[in-house]
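User: Please take a close look at a single strand and its surroundings, and describe them in connected prose for a reader new to this structure.

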Amino acid sequence: MSKLHIKKGDIVFVNTGEDKGKTGRVLQVLVKDNRAIVEGINMVSKHTKPNAKNPQGGIEKKEAPVHISNLNVVDPKSGKPTRIGRKLNAEGALVRYSKKSGEEIK
C-alpha cells in the first residue's frame with residue numbers, strides 16, 4: 001500500500017463535491033478507506049437517541065469522511081492548493097514538500 005499525501009493536522013483544500021473551494025484542518029485519516037475527516041467539511045445530520053452524554057437526544061451535525069483524491073494540501077508559502085512530493089532532506093529523512101513553491105511541509 002502506498003503512502004498518502006495527507007496527514008492529520010494538515011490544512012486541505014476541497015477540489016470537488018458539495019464543499020468545493022472550502023478549506024479545513026484534517027481531524028483524522030482513514031487509511032484503509034483512503035478517506036479523511038476534515039473539520040467543517042461534508043457535514044451530515046445524525047439522529048441520536050438520548051444517552052448520558054446527550055440526555056435530550058435529537059439531531060446532531062458531524063463531519064463525514066471525504067475521499068482523499070478530492071483533497072489537496074494547502075501550500076504554506078502561498079496559501080493555495082498544491083501537489084505533494086517527497087524528497088530526502090539534509091539529515092537523510094524523507095520529507096513532504098510543496099510542488100508549487102518547493103517549501104517543506106511540516
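Analyst: Strands, labelled E, are DSSP runs of at least two residues and are numbered from the N terminus. The model discussed here is predicted. The part chosen is strand E10, in which Arg 96 lies.

Strand E10 covers residues 94-98 and runs antiparallel to strand E9, residues 84-88, with 5 bridges joining the two. Strands of a sheet pair through backbone hydrogen bonds, in either a parallel or an antiparallel sense. Two of the facing positions can be named. Leu 88 stands opposite Leu 94 in E10, and Lys 87 has Val 95 as its bridge partner in E10. Between the two strands of this hairpin there are 5 residues, and Gly 92 takes a positive phi near 90 degrees there.

E10 belongs to an open sheet of 3 strands in the order E9-E10-E11, with antiparallel pairing. The edge strands of this sheet are E9 and strand E11 (104-105), each of which pairs on one side only.

Arg 96 deserves particular attention. Its relative accessibility is 7%, and Arg 96 therefore counts as buried, the limit being under 20%. The side chain of Arg 96 is joined to the side chain of Asp 10 by a polar contact of 2.9 Å. Beyond residues up to four places away in sequence, Arg 96 touches Ile 84 and Gly 85, as well as Glu 104, Ile 105 and Lys 106. The list of residues touched by Arg 96 also includes His 5, Ile 6, Lys 7 and Asp 10.

A further feature of E9 and E10 concerns a ring. Lys 87 lies over the face of Tyr 97, at 4.6 Å from the ring centre. As for pairs of aromatic rings, the count comes to 0.

Several residues touched by Arg 96 lead to another part of the model. Val 26, in strand E2 (residues 23-30), is in contact with Ile 6, Lys 7 and Asp 10, among others. Its contacts further include Val 12, Ala 36, Ile 37 and Val 38. Val 26 has a relative accessible area of 2% and is therefore buried, again by the limit of under 20%. From Val 26 to Gly 102 the C-alpha to C-alpha distance is 22 Å, with their places 76 residues apart in sequence.

Ile 6 also leads to the largest nonpolar core, which has 14 residues; Ile 6, Val 12, Leu 71 and Val 73 touch the most other members. Strand E1 (11-14), strand E3 (35-38) and strand E7 (71-74) each supply at least two residues of this core. Leu 71 is in contact with His 5 and Ile 6, both of which are also touched by Arg 96. Other contacts of Leu 71 include Val 12, Phe 13, Ala 36, Val 38 and Val 66.

The strands around this core are paired as well. E1 and E7 pair in the antiparallel sense over 3 bridges, and Phe 13 stands opposite Asn 72 in E7. E7 pairs in turn with strand E8 (residues 81-82), again in the antiparallel sense, over 2 bridges. Val 73 has Thr 82 as its bridge partner in E8. The hairpin of E7 and E8 has 6 residues between its strands, and Gly 79 takes a positive phi near 80 degrees in that hairpin.

Terms used. Residues are numbered from 1 along each chain as its sequence is written. This is a predicted model: local features need pLDDT of at least 70, side-chain atom pairs count only at pLDDT 80 or more; totals for chains, interfaces and linings use all residues. Side-chain values use heavy atoms; hydrogens and water are left out. Helices (H or I, at least four residues) and strands (E, at least two) are DSSP runs, numbered from the N terminus. Buried means under 20% relative accessible area, exposed over 50%, partly exposed in between (1.4 Å probe, protein chains only). Contact means heavy atoms within 4.5 Å. Rings of Phe, Tyr and Trp (its six-membered ring) pair if their centres lie within 6.5 Å; planes under 30 degrees apart count as stacked, over 60 as edge-to-face and the rest as tilted. A charge sits over a ring if NZ of Lys or CZ of Arg is within 6 Å of the ring centre and within 35 degrees of the ring normal. Two strands pair if DSSP finds at least two bridges between them. A polar contact is a pair of N or O atoms within 3.5 Å; within protein, one must be able to donate a hydrogen and the other to accept it, and residues adjacent in sequence count only if both atoms are side-chain atoms. A nonpolar core is a set of buried Ala, Val, Leu, Ile, Met, Phe, Trp, Tyr and Cys residues joined through side-chain atoms within 4.5 Å.
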